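Student: Can we walk through this one together, starting at the surface and working inward? I'd like the reasoning as well as the values.

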Amino acid sequence: MPIIYLNGSFMPREEAKLSIDDRGFIFGDGVYEVTRVVNGELFESGRHLTRLSRGLADIRLDPVESLADIEDISRRLIADNALGEGEGTIYLQITRGAAPRTHHFPPADTRCTVFLSAAKFTVPHDKRATGVSVVTYPDIRWSRCDIKTVNLIPAVLAKQFAVDHGVFESIFVRGSAVMEGSHTNCFGVLDGELRTYPSSNYILGGVTRDVVIELAKELGVPVAERAFHVADIPRLEEFFVTGTTTDVMPVVEIDGKPVGSGTPGPITRRLYEALAARLYARVPAGR
Ligand code: PDD
């Protein structure tokens with residue numbers, strides 16, 4: 001039985017109970033993180049915690065658990081859920097707690113709800129080998145996409161649109177700019193240069209995105225945080241999406257039309273291999 005953490009206690013998942021007044025439930029008033037676990041180690045924990053702390057400040061939440069506590073809780077969940085070997089994820093969610101429904105903040109002494117769970121994870125290596133298809137979708141989100149809020153209706157609708165079309169992901173388009181996926185960031189190769197929408201309030205600053213930009217620089221791949229547009233799609237040499245549960249995923253088809261050669265491209269491959277070398281620093285890649 002999985003063990004989870006809720007508001008100060010570790011307990012079997014089935015025993016966890018939340019108030020129907022929880023503001024996460026009522027308003028989507030909270031933030032979350034998904035962190036990769038490889039052979040018992042948290043991947044890029046520092047970057048996830050930095051983003052979490054920024055998100056908490058942005059929505060003015062101040063849980064009793066410190067960032068160090070959250071890391072300790074994550075490690076205990078890795079142990080208690082036997083994730084010392086293989087692949088897993090830690091899910092974390094912090095909401096403004098339970099209080100009678102008012103749009104404004106509840107009384108200052110309301111305890112934030114803090115929930116963490118750990119689960120095994122199957123890496124989508126089969127999809128990576130062939131590459132995946134995606135569709136474009138209008139970016140119907142708000143103007144603070146940099147906050148990893150649990151208010152995910154646009155992402156849910158976008159991903160369902162992908163599922164309805166039998167493809168892997170939907171790519172948000174704002175005006176004419178290619179932004180990011182429903183739960184991934186995206187990169188294109190144009191004239192040999194790797195391009196991705198700049199860090200801003202209009203995309204989530206992905207941890208994997210940051211690592212990939214760093215790896216591209218290390219590998220000497222020209223990289224620019226510069227938008228590309230729908231009109232550029234037919235000219236793309238390569239395209240891929242990135243994320244904690246996606247790694248680097250080659251995209252071989254956008255809206256039914258092939259990307260470049262229609263097979264995973266060489267820059268995409270090199271970047272995945274470089275990411276895998278970091279993910280599996282202590283064991284052979286693909287384990
Ligand atoms: N989603 N963009 C969006 C909108 C996301 O929701 C995510 C992650 C990313 C990639 O970020 P990272 O590399 O830090 O995982 C980009 C998580 C995995 C989720 O919602 O499950």
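Student: Okay, which helix does Phe-25 lie in?

Tutor: Keep in mind that this is a predicted model. Residue 25 falls within the run 23-27. The helix with Phe-25 is therefore H1.

Student: Is Phe-25 buried or exposed?

Tutor: The cut-off for exposed is over 50% relative accessible area. Phe-25 comes out at 61%, so it counts as exposed.

Student: What is the accessible area of the nonpolar surface patch with Phe-25 in it?

Tutor: Phe-25 shares that patch with Ile-20 and Ile-26. Taken together, the three have an accessible area of about 340 Å².

Student: Let's go inside. How many cavities of 30 Å³ or more are there, and how much space lies in the largest?

Tutor: Rolling a probe the size of a water molecule over the atoms shows where empty space is left. Here the structure holds six cavities at that size or above. The largest cavity has a space of about 110 Å³.

Student: Which element gives the largest share of that cavity's lining?

Tutor: The lining has 14 residues, with Thr-35, Leu-49, Ile-70, Ser-74 and Leu-92 nearest the centre. At least two residues each come from strand E3 (30-38), helix H2 (45-58), helix H3 (67-80) and strand E5 (87-95). The largest share is four residues, and the element supplying them is H2.

Student: And the largest pocket: what is its volume, and which residues lie nearest its centre?

Tutor: Its volume is about 590 Å³. Elements giving two or more residues to the lining are E3, helix H5 (153-164), strand E9 (177-181), helix H6 (207-219) and strand E13 (238-243). There are 28 lining residues, and nearest the centre are Tyr-32, Lys-148, Ser-182, His-183 and Leu-204.

Student: On to charges. How many salt bridges does the count come to?

Tutor: Side chains of opposite charge can pair when their charged atoms come close. The cut-off used is a Lys or Arg side-chain nitrogen within 4 Å of an Asp or Glu carboxyl oxygen. By that rule, the count comes to 25.

Student: How many residues apart in sequence are the parts tied together by Asp-29 and Arg-96?

Tutor: These two side chains meet in a salt bridge at 2.7 Å, N to O. Asp-29 sits in the loop between H1 and E3, and Arg-96 in the loop between E5 and strand E6 (113-120), so the separation of the parts they tie together is 67 residues.

Student: Are Asp-29 and Arg-96 buried or exposed?

Tutor: Buried means under 20% relative accessible area. Asp-29 is at 12%, so it makes the cut. Arg-96, at 8%, does too, so the verdict for Asp-29 and Arg-96 is buried.

Student: Where do Asp-247 and Arg-128 lie?

Tutor: They form a salt bridge, with the closest N and O atoms 3.6 Å apart. Both of them are buried. Asp-247 and Arg-128 are 119 residues apart, and their places are strand E14 (residues 247-254) and helix H4 (residues 125-130).

Student: What about Arg-278 and Glu-218: which helices does that pair tie together?

Tutor: The closest N and O atoms in this salt bridge are 3.0 Å apart. Arg-278 is partly exposed at 24%, while Glu-218 is exposed at 58%. Arg-278 lies in residues 266-279 and the two sites are 60 residues apart in sequence, so the pair ties together helix H7 and helix H6.

Student: Which residues make up the salt-bridge network with Arg-278 and Glu-218 in it?

Tutor: Salt bridges that share partners join the residues into one network. Its members are Glu-44, Arg-47, Glu-214, Glu-218 and Arg-278.

Student: What is the phi of Glu-44?

Tutor: Most residues other than glycine have a negative phi, and most peptide bonds are trans. Glu-44 lies in the loop between strand E4 (41-42) and H2. Though not a glycine, Glu-44 has a positive phi of about 55°.

Student: And what is the phi of Asp-191?

Tutor: Asp-191 is in the loop between strand E10 (185-190) and strand E11 (193-195). At 61% relative accessibility, Asp-191 counts as exposed. It isn't a glycine, yet Asp-191 has a positive phi of about 50°.

How values were computed
Residues are numbered from 1 along each chain as its sequence is written. This is a predicted model: local features need pLDDT of at least 70, side-chain atom pairs count only at pLDDT 80 or more; totals for chains, interfaces and linings use all residues. Side-chain values use heavy atoms; hydrogens and water are left out. Patches are made of residues with over 30% relative accessible area and no salt bridge: like charges are joined within 9 Å, nonpolar side chains (Val, Leu, Ile, Met, Phe, Trp, Tyr) within 5 Å. Accessible areas come from the Shrake-Rupley method with a 1.4 Å probe; for residues, only the protein chains shown count as cover. Buried means under 20% relative accessible area, exposed over 50%, partly exposed in between (1.4 Å probe, protein chains only). On a 1 Å grid over the protein atoms alone, a cavity is a set of points where a 1.4 Å probe fits but cannot get out, and a pocket is an open set with protein on both sides within 12 Å along at least five of seven lines; lining residues have an atom within 4 Å of a point. Grid points are joined across faces, edges and corners, and a volume is the space filled by probe spheres set on the points.
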